[in-house]
Amino acid sequence: MDILQCAPGTRLPDFTGNARPLRQRLHLVLLGVADLARSRAFFASLGWRACASSDDGFVRIDMGGYALGLLSWQHFSKEVFGHQQQPPTGYRGAAFAYLVDTPDAVAECLARAKSAGATIVKPVTRTPWGVNGFFTCPDGHLFEIDFEPHWRFSEDHKLLSAT
């Protein structure tokens, strides 16, 4: 099945094979913010420039091997938890993202996390920009596994640019 041919919002089946281990690396720190324009201006005043690929809904700031991603709290909550009125207790609008280089790797990584004791919060889902899924670690911290075709990596899987 070609995951990228599915309509955005399509939930995909769980991975059932041998899941590959995740490399010891994170690529994005995602922050849900109350006012995206205000946050963009704040980080710009620190001297942190938004990437050209940023838009009115998502600001990318290249941090040299990883990126800071800013999006509205409301959009972020909807992305992770769907149409729930209230996100689960403890949700603070922040997540760590692990980017993968193929759409199928999202399911493999989520399966690996689940077998390690993670709770799957959002199963593998086709998004308008790629494929993702979310899990929480045993202490409730939120992680995203994400594939988007525009991300580029070095040989050792560092994010080359957030553009």
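The following conversation walks through a predicted model and asks how some of its descriptions are justified.

Visitor: Why is Cys51 called buried?

Guide: Buried means under 20% relative accessible area, and Cys51 has 9% relative accessibility, so Cys51 counts as buried.

Visitor: What makes Cys6 buried or exposed?

Guide: The relative accessible area of Cys6 is 16%, and since the word buried is used under 20%, Cys6 is therefore buried.

Visitor: How do you know that Cys6 is in no disulfide?

Guide: A disulfide requires a pair of cysteine sulfur atoms within 2.5 Å, whereas the cysteine sulfur nearest to that of Cys6, which belongs to Cys109, is 19 Å away. The structure as a whole holds 0 disulfides.

Visitor: Why is strand β3 described as largely enclosed by the rest of the structure?

Guide: Strand β3 covers residues 67-72, and 5 of these 6 residues are buried, so the strand is largely enclosed by what surrounds it.

Visitor: How do you know that β1 and β2 pair with β3?

Guide: Two strands pair if at least two bridges are found between them. Strand β1, residues 28-33, is joined to β3 by 6 bridges, and these two strands run parallel, with Val33 standing opposite Ser72 of β3. Strand β2, residues 58-62, is joined to β3 by 5 bridges, and here the strands run antiparallel, with Leu68 of β3 as the bridge partner of Ile61. The hairpin of β2 and β3 has 4 residues between its strands, and Gly64 in this hairpin takes a positive phi near 75°.

Visitor: Which residues of helix α2 are buried, and what puts them on the same side of the helix?

Guide: In α2, which spans residues 73-81, the buried residues are Phe76, Ser77, Glu79, Val80 and Phe81. They cover an arc of only 165° around the axis, and therefore they lie on the same side of α2. Among the elements that cover these buried residues are β1, β3, β4 (94-99), β5 (119-126), β6 (131-136) and β7 (142-147). After α2 comes Gly82, with a positive phi near 75°.

Visitor: What lines the largest pocket?

Guide: The lining of the largest pocket consists of 18 residues, and Phe58, Leu71, His75, Trp129 and Glu148 are those that lie nearest its centre. At least two lining residues come from each of β1, β2, α2, β6 and β7, and the largest share, 3 residues, is supplied by α2. The space in this pocket is about 330 Å³.

Conventions
Residues numbered from 1 in each chain as written. Predicted model: local features only at pLDDT ≥ 70, side-chain atom pairs only at ≥ 80, totals over all residues. Heavy atoms only, no water. Buried < 20%, exposed > 50% of the residue type's maximum accessible area, 1.4 Å probe, protein only. Arc of directions from axis to C-beta. Contact = heavy atoms within 4.5 Å. 1 Å grid on protein atoms, 1.4 Å probe; cavity = no way out; pocket = protein on both sides within 12 Å on 5 of 7 lines; lining within 4 Å. Points joined across faces, edges and corners; volume = space filled by probe spheres on them.
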